[in-house]
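Please open the model in a viewer and keep the sequence panel at hand. The tour proceeds from the whole chain to one pair of packed elements.

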Amino acid sequence: MIHNAVTDAIIARQTIRDYKREQITDEMLETLKEAAKCAPSGRNMQPCHVRFVQNAEMLHGMHLDFKNLVGWDTPAYTRADTNPFYHNAPTFVLIYAENDSAMDAGIMAENICIAAEGMGLGTCIVGSAGALFNDEAGKKWNEQLHIPRHFRYQIGICVGYPDEQPPRKPRFDDRIEVIR
Ligand SMILES: Cc1cc2nc3c(=O)[nH]c(=O)nc-3n(C[C@H](O)[C@H](O)[C@H](O)COP(=O)(O)O)c2cc1C
């Protein structure tokens, strides 16, 4: 196994669902924006539009609308019924695209996660928030985020300083094979 800053960040990354309140620095934010921009995309179409939201009031409002939509007793990946979909992260990244660009968005999301990991930040990829942003109820938020009407939420990423050290989740050993 070869260890360097990149491979170590890829292997060390794990989902973080508790964050310190402290905001990430502007330099970190710039680095994450660059990591997003440099992501590869099919035919270099760069279909993803990205919003880095650092407005706590907006995030709380989105959380309330999300819970009102999916139900307050529905965990929806958010660990507990009152926990916001963005896990109280100080920065929430939303990736949108015009057409179904889940692959491009996913690759961009991982770029952001690994760059964040390399800077000592924690991340959580969030698919469930699409229930809000791709519903009529999310229209007002998409407008506030300057997202064109027909664009769809692809994936989101919580970013912040980790406030937990969860145990590593097991991985299947029998799903990767080398054929020689
Ligand atoms: C496409 C995708 C969607 C996900 N959506 C959510 C989500 O909505 N909420 C959440 O808390 N975690 C979400 N996760 C995080 C996964 O639960 C997590 O990556 C998985 O359990 C493996 O744990 P690890 O990231 O710590 O290795 C998502 C991950 C991916 C890749």
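The stops below begin with the overall fold and end at a contact between two helices. Please bear in mind that this is a predicted model.

**First stop: the whole chain**

Select the entire protein chain and display it as a cartoon. Six helices and four strands should be visible. Followed from the N terminus, these elements appear in the order α-α-β-α-β-α-β-α-α-β. The radius of gyration is 17 Å, close to the 16 Å that the globule rule gives for 180 residues, so the protein chain is as compact as a globular protein of that length. Along the principal axes, the C-alpha atoms occupy a box of roughly 50 × 40 × 35 Å.

**Second stop: burial and contacts**

With the chain still selected, consider its interior. Of the 180 residues, 29% are buried. Among contacts with a separation of 6 or more, 84% join residues that are 24 or more positions apart.

**Third stop: helix 1 and helix 4**

Next, select residues 5-12, which form helix 1, together with residues 102-118, which form helix 4. How are these two helices placed relative to each other? Their axes lie 9 Å apart and meet at an angle of about 105°. An angle of 65 to 115 degrees counts as roughly perpendicular, and helix 1 and helix 4 are therefore roughly perpendicular to each other.

Finally, show the side chains at this contact. Helix 1 contributes Ala5, Ala9, Ile10 and Ala12, while helix 4 contributes Ile114, Glu117 and Gly118. By class, the contact comprises five nonpolar residues, one polar and one charged.

Notes:
Residues are numbered from 1 along each chain as its sequence is written. This is a predicted model: local features need pLDDT of at least 70, side-chain atom pairs count only at pLDDT 80 or more; totals for chains, interfaces and linings use all residues. Axes are lines fitted to C-alpha atoms, for helices over the stretch in contact, and angles run from 0 to 180 degrees between N-to-C directions. Angles under 35 degrees count as roughly parallel, over 145 as roughly antiparallel, 65 to 115 as roughly perpendicular and the rest as oblique. Two residues are in contact if their C-beta atoms, placed from the backbone, lie within 7 Å. Ala, Val, Leu, Ile, Met, Phe, Trp, Tyr, Cys and Pro count as nonpolar, Asp, Glu, Lys and Arg as charged, and the others, Gly among them, as polar. The radius of gyration is taken over C-alpha atoms; the globule rule is 2.2 Å times the number of residues to the power 0.38. A residue is buried if 20 or more other C-beta atoms lie within 10 Å of its own, exposed if 12 or fewer, and partly exposed in between; C-beta atoms are placed from the backbone.
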